[in-house]
Amino acid sequence: MTRKQQRLGLLALGMAALGGATVLVLSAFNDNLVFFYSPSELKATAVAADRRVRIGGLVEANSLSRGADARSFSFRITDGADDVAVLYQGLLPDLFREGQGAVAEGKLRPDGIFAASSVLAKHDENYMPREVVDALKKSGHWQEGGAAGMAQKK
Amino acid sequence: MTEIGAFFAMGGYAGFVWSAYGIAAAVLGGLSVYSWRRYRDSIVTVERLQQDLGRRR
Amino acid sequence: MINWLANPARFMRLSAKAVPWCSWTAVLVLAVGLFWSLMVAPPDYQQGDTVRIMYVHVPAAWMALSVYLFVAVASAVALVWRHPLAEVAARAAAPIGAAFTFVCLATGSLWGRPMWGTWWVWDARLTSVLILFFLYLGYIALANAFDDPSRGGRAAAVLALVGVVNLPIIKFSVDWWNTLHQPASVMRIGGPRIDISMLAPLLIMALGFTLLFAVLLMVRMRTALNERRAMALRLNAGAIPAPRPGREPVVSANTVVP
């Protein structure tokens, strides 16, 4: 075995060990690496009442309603299987709309309503000009928003 | 709005879009200028040293 | 093959021809790409004109990852085969990669504010790219930390290889965990989810960034080889080697003089 082969072997061994260690660490911290829970995950896990969490999913169609002061909103976040009612006071991001993804941060109240202190919009992986969307809708090939993508996720 | 005005307005997102392009141009352009200057300097240094060496011999 | 490429004299000869050629191609491709991105490409149906930030953000992100891979492979070659050019290449590439990573982070922030509603979140994608930026900075610092360049080079090469685990984490973070960042649009199973009118300028900008990287890499490698030659000439002339600019040798109070 030459010195060169020795170094190459050592390198391969080191990289393998490093890769293994990384996989172990990542799987151990898996729960801390998710940015938000989906509504079904939120219901499946017992979250302490006063713990701040984030929930994410699609803003359910026709669920958005504005309060009298135009700064309070209520809507439902869904993952296709389950959904959570959200109350929010503040400004919504430009991309926030029904049928699109959103992530709300706040606390789950005992009555099952999620009181959000901040709301972020999440967009999907589709990019296209307006005309293409209109053409797709006309031909009946249109799927609303990233509904498929968000619902498939766990 | 005129066509050129609409181009600069970027649909109301002018600040974000132009800042993004500006930062990219500044960082990549800055690195290019710095790298090129240092390259020119290195050529000058090598030439000067070679001349010095030639004179001494 | 590696032996053939690793000859510094041959590199100087080939790159002298390639640099001007590549530079003009890069300028041309970037000009076309910018024109297409800013003037020709249509606004997105959801994101309007902010989608134009994508044409610098996404190519910068691709470069951030691929340049890191380049640094890591060159470091491995330097460690195992001790080829003289490999370490020069890794050192020359790292600052370029750091610049692309910075551009990716900054433009992403400027895109996130209007669309997501925030400049920054600590989700898995954004955090792992920030770690990539720090890996680049760590590599650059370590490579220049020692007066004896070969010692710093070896330590930096090991860091570059350790950091490789971050690359798959960045790429798949959007699939493995819930993130605010959307999943991949171009390099995904089932083909791109970007309309051709937007994919075209994106790929042209990516080609332009790649050419820019090639030019900068060659120029910076030539600089390093020139500086190395200057050092050798100084030693040859019997002069005390002048320190490289900005890197005065530090003699601290507790330096032990044998």
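Among contacts in chain C between residues at least 6 apart in sequence, 75% join residues at least 24 apart, two residues being in contact if their C-beta atoms, placed from the backbone, lie within 7 Å. This is a predicted model, in which local features need pLDDT of at least 70, side-chain atom pairs count only at pLDDT 80 or more, and totals for chains, interfaces and linings use all residues. Residues are numbered from 1 along each chain as its sequence is written, while chains are lettered from A and ligands numbered from 1 in the order in which they are written.

Chain C has 8 helices and 0 strands; helices (H or I, at least four residues) and strands (E, at least two) are DSSP runs, numbered from the N terminus. Of its 258 residues, 45% count as buried, where buried means that 20 or more other C-beta atoms lie within 10 Å of a residue's own, exposed that 12 or fewer do, and partly exposed anything in between, with C-beta atoms placed from the backbone. Helix α7 of chain C, residues 166–176, offers a closer look: I169(C), I170(C) and S173(C) are buried there. Seen down the axis of α7(C), these buried residues fall within an arc of 100°, so they line one face of the helix; the arc is that of the directions from the helix axis to the C-beta atoms. Their cover includes α3 (54–81) and α5 (124–143) of chain C.

Chain B tells another story. It has 2 helices and 0 strands, and buried residues make up 16% of its 57 residues. Its radius of gyration is 23 Å, whereas a compact globule of 57 residues would have one near 10 Å; the radius is taken over C-alpha atoms, and the globule rule is 2.2 Å times the number of residues to the power 0.38. The C-alpha atoms of chain B fill a box of roughly 75 × 20 × 5 Å along the principal axes.

How do the chains meet? Of the 2 pairs of chains that touch, chains A and C share the most contacts. That contact takes 33 residues from chain A and 35 residues from chain C. On the chain A side, α1(A) gives the largest share, 8 residues, and the residues divide into 19 nonpolar, 6 polar and 8 charged. Here Ala, Val, Leu, Ile, Met, Phe, Trp, Tyr, Cys and Pro count as nonpolar, Asp, Glu, Lys and Arg as charged, and the others, Gly among them, as polar. Turning to chain B, 27 of its residues are in contact with 33 residues of chain C, and the chain B side has 17 nonpolar, 7 polar and 3 charged residues. Chain A and chain B do not touch, their nearest C-alpha atoms being 11 Å apart.
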